[in-house]
Amino acid sequence: MLLPACGNMASPALRSAAERAALSQGSGTASNPTAGAALGSPSGAALPPGSAPTVTLPQASLPTQPLSVGQDTGSGSSAPPGPGGATGPSGRVPTGPAAPTGAASKTGGNGGATDVGVTATTITVGNVATISGPVPGLFRGASAGVQAYFAYINSQGGVNGRQLKVDAHDDGFQCAQNQAQTADAAKTDFAFVGSFSLFDNCGATALPADVPDLSEAVSSQRAALKSNYSVQPQKPGAATGPFLYYKSTFADSYQAAALLYYSTPATTGVIAGVKAAMQSLGYQIKYERSVGATDSNFTSDVLRMRSDGVKFVELLFSPGMIAEFMQAAGQQNFAPVVSTLGQGYDLAVLKQGGSAVNGMYTAMPTAPFFNASEASIPAVALYQTWMQRAAAGVPLDLFSVYGWTEAQLFVDALRASGPKATRAGVLQALSAVKSFNGDGLIATGYPATRQPTICYVLVKVVNGQFQRTDTPAGGYRCDGTWQTP
Amino acid sequence: MSIVLPLTIVGVVYGCVYAVTATGLVVTYATSGVFNFASGALGMMGAFTYWQLTVAWGLPQLAGLAIVLLVLAPLAGALIERVLIRRLDGSSLGVTLVVTVGLLLALIGVANLIWDPSKPRALPQFLPNDSVALPGVNISAQQLIIVGVSLSIAVVLRVFFTRTRVGAAMRGVVDDRRLLALAGVSPGRASQIAWAMGASLAALAGILLAPLVTLNILPLTLLVIDGYAAAVVGRLRSLPLTVVGGLALGLAESYSTGYLSGDLPDMLRPALPMFLLFLAVVFLRQDRLRAGRSLSGWAPRTVSRRRSLVAGAVFVIAATGASWVLPGSALPHFGQALALGFILLSLVLLTGYGGQVSLCQMTFVGFGAYLMGRIAPGGSVLGALVATACCAVLGALVAIPVLRLRGLYLALATLAFASGMDSIFFIHALGDGGIIKGARLRVGGLSFEGSHAYTSLLAAAFAAGAVVLLWVRRSRFGRRLAAMNDSPAACATLGVSINGTKLAVFSASAALAGFGGILYVGQTTIASANDFQMLNSLVLLLILTLGGAATVSGAFIGALVYAMFPVIQQHVPSLGQVSLLLTGLAAISVGQNPDGIVGQVAKRIESWRGSAASRPARVAGTAVAGSPPVPERDRVLA
């Protein structure tokens, strides 16, 4: 924000800025390419239509033995899976309750203040997220997820005798503030963990190359940093998996498709990628429109789609707009197959859309986490439990999942780098992390090779609830390829 | 099957939506002369309160409606009128705008404290399972209710305002309060009823629209902005014409969605409401707007060249010294205050001296910074001058179509321009990531990369700008500005070229703002499109008015208070939760203190000297030859 405090004042009144924020509110967003990560695949050719999906299962239970960073227990440890190939269990270093934590302190040899932000008893990491501003609490989940995971680790005795601390910053939805806070925190904090902001490109300009940055990059500038390790890295494009599913499940729907999206500089890559993914599979896009920040009239779109015989609709905008579109479609008795990326997995969609959103599909880059039934997955249960304990009042959302899993990746790397914690050591350990899935909490991403995931959980709204559909319990579908624009 | 008829029906329905959002705005303006920027916020509060009563607490819908529309909203409106609006009688346009923007921010702040924005809420539709099948399209009961309410309000209120004594009295408040009082009607009471009605209508709009959109604080608050075009078509007075304006907008959107596709229509469509607003403002006949008042009721003394030079030098030395004394964490904020102060100088010239309210200053700021990033990323002074000159040209281009406008219409035209630039230029021109990287100026081979050095440069730039402005105020051009500020009609009568003066001051102000943008982004080293969005210009006006609109020192004081707030917040983190509310309250206080901090201090000093009581206020309008000084109160109402 040009005006320092405007992020708290003027910005709220800025339509498109506010909408950009609203787009990102809740889980998965159009402006957050992370939403597109659900559809990512590193390489490979498209599967033929109707190919049976390959399902990957995460570890069925919390691991009991520590592994070294980079060791991959699955088939795709050092390279992303090929087309339709199974990724197998995660190759990440597990961090289960039984993992040793305070070993160094017991042996008394962690080296004390070995680097910036490190003492004999603590390690402090930075986190810069948008918390105040147009939508108060927008990405508070990002730091809350980190704090929850650190609380869990600290309860186990910390790492090598050190307790983990978060130096949380709020960029107030301001570019310059994000940059300044990143620069300041880099001077005192050991690393960045779980940062999340639509202005992370601003912070990227101030991030020294030697500071580990374990943040889910929103911008291409942030993702391009060598020190950045996203648990689900992004790159322009999208995966074809969900579109393969729709094509094989709903015959002919692909011959008349529509695409509605909200475009920002940060989302053009995702939108172009989705379009390319659809077209690569033969989808005929009959209608597409970039909606405005305050658009609320989707009835005209529905009329046009119906006139054009549209049978499949892909929506790439905020949860509120998704609900509005679904209501408009329901009112006109227009019932195409409707698909969203992660942004559709939001309680606001259910609240506002009511029965109109029944039947809507969402391709999730993470395991579903709202329902108590999902607690059958140990990683989800652990996340739910510690979010409740350490961040009570912060709603579960995609951002806290990323905060949690980035923290998990950090702890893994920290352990692997040895008791004398150094930035260089952590960076080296991170460079060996070929794949990571947070024990199944997220679809397998490839931090070191910077390849996005192609895997996803297909969720459908049934009777006003999100339900896994055509995806085995605890598993992911990995049936697509990555399609670049 | 043709979709013309269905699209037309949909356009009519959404046109009525726009009309409903504009209704409260028109009623309060028509009956009090105050353009209520907080109308949307009142609607949002109404919708959330209704949600609280009916959904959270389970009251029946009718009871909730009655409580909100017949009790709470009217009470709130009456209270706002009594506490805020009545005291604005005779105030300038700038002050009334700032106060209502303050109210807007305060209401959003309160809503954020009461209703956690991160929790999803939904307001159910009235008769959710009922709809009517029209040719090619189904219309829900909720939409039909909106159409009915919109048309009914237009008819009923027209009858009320034209055929009843109370209605006529309410309109009379705008024309002449004293005359109204002589007729035995209490202007205060009439105005209070008008605001109670306006608040109730705003709440009704919020309750009706919330089920169709999202029950989110910001989107609901900002929805009304798109209705400005409808209100202006109704010349801010006529509700039937407001409905016509809403229908035009709704139909334009519906047809464009149905028939136009491609990158260009997609890019332009979001700007459609503001484009129509601009057209309406520029081409429709202006109604009886009260205009021609200066922003400030208090006029500062003019300062001699020598004193201004000495003061400028002292300022540079003091600011440079302060940069070495301040803690490192506060220094960037101090630098921002200096750069922001320079930007505010552009408004001192335009608004403080010239009396022209512009709501697009941040657009020029962003344009200057953007051009600098393109032309001279290395910080060349020549590049900065070219960028500044381009801003001057853009300022002139904006001014040309709005030369005949004044007062609120001029403000709305600039608002529409700024919004259009947001939607079309800033979103798309900044490219990947949407950021501008700033460069610090290099002057004659001298580098100002260091924080202290750049702070000194900023101080020198501010001081130079202030000295130039003070010189302008003493100059012939400055007297013409003062005359234009005081009475455009008198100016024209005396042969002073209003259009030429307006064009020049707009252009010069845009140049100053653009150069200020270069300085500011040089300080922060980075900026995003978000920084230059339309309502940031309102915040600029707010800051300047807080400091003192007609003075260069007011520009610095306002900027300093504003820029240093985050430093205080670092020590008191809880302030972050109420910063919006505090800012709103500060803006509201402008209604009590239209001369800003500097004006208050100056008046205190004058009072201590014992001269204030005996000396009539210096009046900017004395530049109009021969007009004798008049008491401040009378001048304000002149």
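**Exercise 1. Find where α24(B) bends, by how much, and which proline follows.**

Solution. Helix α24(B) bends by about 35 degrees at Phe565(B), and Pro566(B) follows within four residues. The bend at a residue is the angle between axes fitted to the seven residues ending there and the seven starting there. Helices are DSSP runs of H or I with at least four residues, strands are runs of E with at least two, and both are numbered from the N terminus. The model is predicted: local features need pLDDT of at least 70 and side-chain atom pairs count only at pLDDT 80 or more, while totals for chains, interfaces and linings use all residues. Residues are numbered from 1 along each chain as its sequence is written, and chains are lettered from A and ligands numbered from 1 in the order in which they are written.

**Exercise 2. Compare the span of α24(B) with the expected one, then name the helices that its buried residues pack against.**

Solution. Step one: α24(B) covers residues 552-571, 20 residues in total, and reaches 30 Å from its first C-alpha to its last, close to the 28 Å expected at 1.5 Å a residue. The expected span is 1.5 Å times one less than the number of residues.

Step two: the buried residues of α24(B) include Val552(B), Phe556(B), Ile557(B), Leu560(B), Tyr562(B) and Pro566(B). A residue is buried if 20 or more other C-beta atoms lie within 10 Å of its own, exposed if 12 or fewer, and partly exposed in between, with C-beta atoms placed from the backbone.

Step three: the buried residues of α24(B) pack against α15 (331-353), α19 (451-474), α23 (534-547) and α26 (596-608) of chain B.

**Exercise 3. Describe how α23(B) and α26(B) pack, and where α23(B) appears in the contact between the chains.**

Solution. Step one: α23(B) and α26(B) pack at an angle of about 10 degrees, and their axes are 3 Å apart. Axes are lines fitted to C-alpha atoms, for helices over the stretch in contact, and angles run from 0 to 180 degrees between N-to-C directions. The angle makes α23(B) roughly parallel to α26(B). Angles under 35 degrees count as roughly parallel, over 145 as roughly antiparallel, 65 to 115 as roughly perpendicular and the rest as oblique.

Step two: Thr545(B), Leu546(B) and Gly547(B) of α23(B) meet Gly596(B), Ile597(B) and Val598(B) of α26(B). By class, this contact has 3 nonpolar, 3 polar and no charged residues. Ala, Val, Leu, Ile, Met, Phe, Trp, Tyr, Cys and Pro count as nonpolar, Asp, Glu, Lys and Arg as charged, and the others, Gly among them, as polar.

Step three: 75 residues of chain B are in contact with 60 residues of chain A. Two residues are in contact if their C-beta atoms, placed from the backbone, lie within 7 Å. The largest share of the chain B side, 5 residues, comes from α23(B). By class, the side of chain B that touches chain A has 39 nonpolar, 26 polar and 10 charged residues.

**Exercise 4. Give the packing of α1(B) and α8(B) and the burial of α8(B).**

Solution. Step one: α1 (residues 4-32) and α8 (residues 187-209) of chain B pack at an angle of about 170 degrees, with axes 8 Å apart. That makes α1(B) roughly antiparallel to α8(B).

Step two: among the residues that meet are Val17(B), Val20(B) and Val27(B) in α1(B), and Trp195(B), Met197(B) and Leu201(B) in α8(B). The contact divides into 11 nonpolar, 8 polar and no charged residues.

Step three: 21 of the 23 residues of α8(B) are buried, so this helix is largely enclosed by the rest of the structure.

**Exercise 5. Locate Phe173(A) and Arg450(A), and state the phi and burial of each.**

Solution. Most residues other than glycine have a negative phi. Phe173(A) has a positive phi of about 60 degrees although it is not a glycine. Phe173(A) is in the loop between β3 (163-170) and α5 (175-188) of chain A, and is buried, with 32 other C-beta atoms within 10 Å.

Arg450(A), also not a glycine, has a positive phi of about 55 degrees. Arg450(A) lies in the loop between α15 (423-431) and β12 (457-462) of chain A, and is partly exposed, with 18 other C-beta atoms within 10 Å.
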